[in-house]
Amino acid sequence: MAVTGWLESLRAAEKTALLQDGRRKVHYLFPDGKEMAEEYDEKTSELLVRKWRVKSALGALGQWQIEVGEPALPGAGSLGPELITESNSNPIFMRKDTKMSFQWRIRNLPYPKDVYSVCVDQKERCVVVRTTNKKIMSSPWLHPQYQKPKEVLVAESNLQKELKKVQTAHSSDGDCKTQ
């Protein structure tokens, strides 16, 4: 989606915002029924979390899918029993956006950093992480990053201006007002 199309989509969405624990939390409800929730650092306006949720064919709410940020720890506010979970020693791959770049964070690498190589496959438009023993790893503790294009920086600046327009009156009973 073009940057201007993305910004227009965000403007068209119904927005609710509140300040909590040093984070500006914004919930978007799009006309097509999709939901997006974002969390920004209150002081720096850095995007900390972006997650999406869509309804199933029968109208039930689906699970949140994290696009940016770290997944919540199991049991830390998550609903429903976690009967089977991934090992916490497996590599973890996540996206993090800074003010000037897109970063991909890879943690829990089983080998030292010098065993890995990182390259960009331009044909497939992806970042590839390999070990020297030729095994392809989908997640380690590295920080490949890509500088944000100027149009993205401008769009993000415009979005922050839009979000400041959303009133964030947070009362003691947890209600918040939207514009």
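This passage looks at a pocket, a surface patch and a set of salt bridges in a predicted model.

The second largest pocket comes first. Its volume is put at about 1300 Å³. A total of 38 residues line the second largest pocket, and Arg95, Asp97, Phe102, Val152 and Glu156 are the ones lying nearest its centre. Quite a list of elements chips in: helices α1 (3–12) and α2 (150–165) each supply at least two lining residues, and so do strands β4 (47–53), β6 (92–97), β7 (101–107), β8 (116–121), β9 (126–131) and β11 (145–147). Of these contributors, α2 gives the most, with seven residues. Sorted by class, the lining of the second largest pocket breaks down into 22 nonpolar, six polar and 10 charged residues.

Out on the surface, Val118, Val120 and Val127 make up a nonpolar patch of about 230 Å². Val120 sits in strand β8, one of the strands that also supply at least two residues to the pocket lining. With a relative accessibility of 58%, Val120 counts as exposed, because the cut-off for that label is over 50%.

Then there are the charged pairs. The model has 11 salt bridges by the rule used here. One of them pairs Glu162 with Arg11, and the closest N and O atoms are 3.1 Å apart. Glu162 belongs to helix α2 and Arg11 to helix α1, so this salt bridge ties together parts that are 151 residues apart in sequence. The partners sit in rather unlike surroundings: Glu162 is buried, at 18% relative accessible area, whereas Arg11 is partly exposed, at 34%. The 18% of Glu162 earns the buried label because that class takes in anything under 20%.

A second pair, Glu67 and Arg50, forms a salt bridge whose closest N and O atoms lie 3.5 Å from each other. Here, too, distant parts of the chain are linked: Glu67 is in strand β5 (residues 65–68) and Arg50 in strand β4, 17 residues apart. Glu67 is partly exposed, with 31% relative accessibility, while Arg50 is buried, with 9%.

A third salt bridge brings the side chains of Arg107 and Glu70 to an N-to-O distance of 2.9 Å. Arg107 is in strand β7 and Glu70 in the loop between β5 and β6, so to speak two distant parts of the chain, 37 residues apart, linked by one pair. Glu70 is partly exposed, with a relative accessible area of 43%. Beyond single pairs, salt bridges with shared partners join Glu38, Arg50, Glu67, Arg95 and Asp97 into one network. This ties back to the pocket, since Arg95 and Asp97 are also among the residues lying nearest the centre of the second largest pocket.

Strand β5 also holds Gln65, which counts as exposed at 53% relative accessibility. The C-alpha atoms of Gln65 and Val54 are separated by 9.2 Å, and the two residues are 11 residues apart along the chain.

Methods:
Residues are numbered from 1 along each chain as its sequence is written. This is a predicted model: local features need pLDDT of at least 70, side-chain atom pairs count only at pLDDT 80 or more; totals for chains, interfaces and linings use all residues. Side-chain values use heavy atoms; hydrogens and water are left out. On a 1 Å grid over the protein atoms alone, a cavity is a set of points where a 1.4 Å probe fits but cannot get out, and a pocket is an open set with protein on both sides within 12 Å along at least five of seven lines; lining residues have an atom within 4 Å of a point. Grid points are joined across faces, edges and corners, and a volume is the space filled by probe spheres set on the points. Helices (H or I, at least four residues) and strands (E, at least two) are DSSP runs, numbered from the N terminus. Ala, Val, Leu, Ile, Met, Phe, Trp, Tyr, Cys and Pro count as nonpolar, Asp, Glu, Lys and Arg as charged, and the others, Gly among them, as polar. Patches are made of residues with over 30% relative accessible area and no salt bridge: like charges are joined within 9 Å, nonpolar side chains (Val, Leu, Ile, Met, Phe, Trp, Tyr) within 5 Å. Accessible areas come from the Shrake-Rupley method with a 1.4 Å probe; for residues, only the protein chains shown count as cover. A salt bridge is a side-chain nitrogen of Lys or Arg within 4 Å of a carboxyl oxygen of Asp or Glu. Buried means under 20% relative accessible area, exposed over 50%, partly exposed in between (1.4 Å probe, protein chains only).
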